[in-house]
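Q: I should like to learn how the features of a model are read, from the overall fold down to single residues. Where should one begin?

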Amino acid sequence: MSLKGELRTKAEPSKKGGRWLLLILILIIVILGLALTALFSVFQTAHLLMSLPAKPFNHIGAHLMPPCDEISFRSQRSDILLSGWFFKSRAASRGNVILIHNNGDNRLQFDLQTAELYRFLNEEDFNVLSFDLRHSGKSDGLQSAYGLSEYKDVLAAMMAAERLSGDKRMLLYGFGSGVTAALLAWNELPIEAPDEKALAADPELPNLCRKDVQALLLDTPAASVFDYIRVDMNPEGFMNQHLYWPFLPEAVRLASGAGQLTNLIPLASQIQSPMFIIRNLPEQRIPQHSIDAFINERLRLNGEMTLVSEIAKAGHISAFTEDQESYLQSLKSFLDRWIEYTPASE
């Protein structure tokens, strides 16, 4: 073989190796491009989901509410202005109930029927603070986050209720994703109340602690924050099933700037305050196993401080409208057992 032929033979394997390397490089670039496109699509959809218009505020219904004061206050460590009502008890107070509505709703969680819930709580001698979370009703805010950001609104509402009533006793009453906001707000409170020096150094620090939360009232609790997010998602179609359904809830969490805490069961298990749980049976939008897991773990660890009520009507956060009488009877039984008439804390 000539020298020229020998050199050609030795060069051919190098060319083949170069082609394979180029193909692998192109494949990696294509895969990365697809991954980045998918990631962009997920985060773009998450922002769209968080920006969905909330239910319009019923101004006619507002005129049918019991006597109350119009109030406004800013979310904790934020310029977001929140709007609400304060229904002051006309008798000896048993504390302040903070109503926390579901994502996409507003302070009129049950439309005109919400007036009956306000009236019931006032007649049971509770002050009631009901307000619109961020990006809902008459409150400011460009996005909602299914409770992952709204817990700051709840902390601000608790501080407002304490200022208006002079009473630190709080009952957090969450509906749907409002359960997330209630639990995260409790988790954010210190174990012991801050001293005067700490309050003077930080005016936005709540003058409250976990022991001030007398009870939690939870309508339709779920095991995970993600279960509430998926209520507004479409499970049909290839992209929804294989891209958005598994990854979109996590994108909402990241976009909200929230921490890693999305499993609500450990929080419910830690809380030593009495807990009232009510739900539709069957529940139509959140997987039943998710609600069962939340309830069963709470009963296992704190059963003696928990009352569970089930309204045998199919629905989603509609037990109150489906069977108002049974709903309020269960709620009254819980309140009569656990919340006494005691002087307001100083």
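A: One begins with the secondary structure. The model is predicted, and its protein chain has twelve helices and eight strands.

Q: How does the radius of gyration of the protein chain stand against the globule rule?
A: The general idea is to set the computed radius beside the value that the rule gives for a chain of that length. For 346 residues the globule rule gives 20 Å, and the radius of gyration here is 26 Å, well over that value, so the protein chain is more spread out than a compact globule. The extents may be read beside this: along its principal axes the C-alpha trace spans about 110 × 50 × 45 Å.

Q: What share of the protein chain is buried, and what share of the contacts joins residues at least 24 apart?
A: Burial is read from relative accessible area, with buried meaning under 20%. Buried residues make up 50% of the 346 residues in the protein chain. For contacts, one looks at the separation in sequence: among those between residues at least 6 apart, 77% join residues at least 24 apart.

Q: How is the length of a helix checked, taking α4 as the case?
A: The span between the end C-alpha atoms is set against an expected rise of 1.5 Å a residue. Helix α4 covers residues 151-165, and its 15 residues should span 21 Å; the end C-alpha atoms are 21 Å apart, which agrees.

Q: Is α4 enclosed or open, and which of its residues are buried?
A: The count of buried residues gives the reading. Twelve of the 15 residues of α4 are buried, so the helix is largely enclosed by the rest of the structure. Among them are Y151, the run from D153 through V154, L155, A156, A157, M158, M159, A160 and A161 to E162, and also S165. Just after α4, G166 takes a positive phi of about 70 degrees.

Q: What lines the largest pocket, and how much space lies in it?
A: One reads the volume, then the lining, then the elements that supply it. About 220 Å³ of space lies in the largest pocket. Of its 14 lining residues, L148, Y151, L184, A258 and G259 are the closest to its centre. Both α4 and α5 (178-188) supply at least two residues of this lining, and α5 gives the most, with three. By class, the lining divides into five nonpolar, six polar and three charged residues.

Q: How much space lies in the second largest pocket, and which residues are closest to its centre?
A: About 160 Å³ of space lies in the second largest pocket. It is lined by 21 residues, of which N102, N103, G104, D105 and S144 are the closest to the centre. Seven of the lining residues are nonpolar, ten polar and four charged.

Q: How many cavities of 30 Å³ or more are there, and what lines the largest?
A: A cavity differs from a pocket in that a probe fits inside but cannot get out. The count comes to one cavity of 30 Å³ or more, and about 30 Å³ of space lies in the largest. The lining consists of L99, I100, H101, N106, R107, Q109, S130, F131 and F175. β3 (96-100) and β4 (127-131) each supply at least two of these residues. The lining has four nonpolar, four polar and one charged residues.

Q: Which backbone values deserve a second look?
A: Most residues other than glycine have a negative phi, and most peptide bonds are trans. Here, D125 has a positive phi, near 75 degrees; D125 lies in the loop between α3 (114-123) and β4 and is buried, with a relative accessible area of 13%. Y146 also has a positive phi, near 55 degrees. Y146 lies in the loop between β4 and α4 and is buried, at a relative accessible area of 1%. As to peptide bonds, the one from L281 to P282 is cis, with omega near 5 degrees, and P282 is found in the loop between β7 (275-280) and α10 (288-302).

Q: Where is I339 placed, and which residues is it in contact with?
A: Position in the chain, burial and contacts are read together. I339 is in the segment after α12 (324-338) and is buried, with a relative accessible area of 5%. Leaving aside neighbours within four places in sequence, I339 is in contact with R94, F126, L171, Q214, A215 and F334. I339 and L171 are 168 residues apart in sequence, but 9.6 Å apart in space, C-alpha to C-alpha.

Methods: Residues are numbered from 1 along each chain as its sequence is written. This is a predicted model: local features need pLDDT of at least 70, side-chain atom pairs count only at pLDDT 80 or more; totals for chains, interfaces and linings use all residues. Side-chain values use heavy atoms; hydrogens and water are left out. Helices (H or I, at least four residues) and strands (E, at least two) are DSSP runs, numbered from the N terminus. The expected span of a helix is 1.5 Å times one less than its number of residues. Buried means under 20% relative accessible area, exposed over 50%, partly exposed in between (1.4 Å probe, protein chains only). On a 1 Å grid over the protein atoms alone, a cavity is a set of points where a 1.4 Å probe fits but cannot get out, and a pocket is an open set with protein on both sides within 12 Å along at least five of seven lines; lining residues have an atom within 4 Å of a point. Grid points are joined across faces, edges and corners, and a volume is the space filled by probe spheres set on the points. Ala, Val, Leu, Ile, Met, Phe, Trp, Tyr, Cys and Pro count as nonpolar, Asp, Glu, Lys and Arg as charged, and the others, Gly among them, as polar. The radius of gyration is taken over C-alpha atoms; the globule rule is 2.2 Å times the number of residues to the power 0.38. Contact means heavy atoms within 4.5 Å.
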